[in-house]
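Me: I would like to take a close look at one part of a structure, and I would be glad of a careful, connected explanation that I can follow while I look at it.

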Amino acid sequence: MSLRVTILGSSSAGNCGLLQADRHCFLIDAGFSRKQIALKLQTLGVELDALSGIFITHEHSDHIRGLSPLSKIPGIRFYANIKTQQAIEAHKPLAVDWQNFGTDSLTIEGLEVRPFGIQHDAVDPVGFRFNYQGECVTWALDVGRITDTLIPHLTQANTLVMESNHDTDLLWHSERSIALKTRITEAHLSNNDTFSFLKKYQEQAKWKEIYLAHISQECNSQQCLKEAIEAAHLTSTVHIVRPW
Ligand SMILES: [Zn+2]
Ligand SMILES: [Zn+2]
């Protein structure tokens, strides 16, 4: 396949994906240390120096932990909107080629990149839809709510990387404070949110593969997700990106 996404890891401990459009390699977020990312890439036969750029969704540490050391890669570009760049650089500016985007799509080496706004507790968080030679990958993590504007970006993907953060019962029965539980329900999609959406739209969507990601280590389980997958009768292949 000419356009391919590989998830190097996804949970509140760190999020990072490798997007390959033929020989062009990009990261989507960099929520692990440079060393961890280098090791994960090595297992895929990709060297750090091969990275052309990093697409940044928002400034939370589980998405940007490795950015500063990765800025030293010669010629690398960081793609982010201006508010996210400012939030990242609030403490320490990065000497890197920043490429700011708005809401319009941009084209890089034939790869069309469409950022779209998502509801999350960050300054200007986005997801990304990537189109390349007829293939479409959508990356939508840290999604507080599935709004109408989000739906076309999610349904047009052949490969959808989507959040299924927590099981509502496990979250409310967890030891977390009420404030944190409320924050999580407002900033992340529950299994119910995700599967209601997948069931409702699977007829019209172009999904071949769905990756369920940004899964909570404590407030979700493989059992819950497997039951949800079975009950949804999805025709596409569903992968659980394990945080455990
Ligand atoms: Zn976040
Ligand atoms: Zn996150």
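In what sense do strand β12 and β13 pair, and over how many bridges? Please begin there, and then describe the sheet around this pair and the helices that belong to the picture.

Reply: Please keep in mind from the start that this is a predicted model. Strand β12, which covers residues 209–213, pairs with β13 in the parallel sense, and 4 bridges join the two. To find the pair on your screen, you can look for isoleucine 210, which stands opposite valine 238 in β13. As background, strands of a sheet pair through backbone hydrogen bonds, and they do so either parallel or antiparallel.

The two strands belong to an open sheet of 7 strands, whose order is β7-β8-β9-β10-β11-β12-β13 and whose pairing is mixed. At the edges of this sheet lie β7 (106–108) and β13 (237–240), each of which pairs on one side only. If direction is ignored, neighbouring strands of the sheet are turned by 20° against each other on average.

From the sheet we can pass to helix α8, since what covers the buried residues of α8 includes β11 (159–163), a strand of this sheet, as well as helix α9. The buried residues of α8 are Asn191, Asp193, Thr194, Phe195, Phe197 and Leu198.

It is worth looking at how the two helices meet. Two packed helices are described by the angle between their axes and the distance between the axes. Here helix α8 (residues 191–201) and helix α9 (residues 222–232) pack at an angle of about 20°, and their axes are 10 Å apart. Because angles under 35 degrees count as roughly parallel, α8 is roughly parallel to α9. The crossing of these two helices is right-handed. On the side of α8 the contact is made by Asn191, Phe195, Leu198 and Lys199, while α9 contributes Cys224, Leu225, Ala228 and Ala232. Sorted by character, the residues of this contact divide into 6 nonpolar, 1 polar and 1 charged. Three of the names given by α8 to the contact, Asn191, Phe195 and Leu198, also appear among its buried residues.

Terms used: Residues are numbered from 1 along each chain as its sequence is written. Chains are lettered from A and ligands numbered from 1 in the order in which they are written. This is a predicted model: local features need pLDDT of at least 70, side-chain atom pairs count only at pLDDT 80 or more; totals for chains, interfaces and linings use all residues. Axes are lines fitted to C-alpha atoms, for helices over the stretch in contact, and angles run from 0 to 180 degrees between N-to-C directions. Angles under 35 degrees count as roughly parallel, over 145 as roughly antiparallel, 65 to 115 as roughly perpendicular and the rest as oblique. A crossing is left-handed if the near helix is turned anticlockwise from the far one by less than a right angle, and right-handed if clockwise. Two residues are in contact if their C-beta atoms, placed from the backbone, lie within 7 Å. Ala, Val, Leu, Ile, Met, Phe, Trp, Tyr, Cys and Pro count as nonpolar, Asp, Glu, Lys and Arg as charged, and the others, Gly among them, as polar. Two strands pair if DSSP finds at least two bridges between them. A residue is buried if 20 or more other C-beta atoms lie within 10 Å of its own, exposed if 12 or fewer, and partly exposed in between; C-beta atoms are placed from the backbone.
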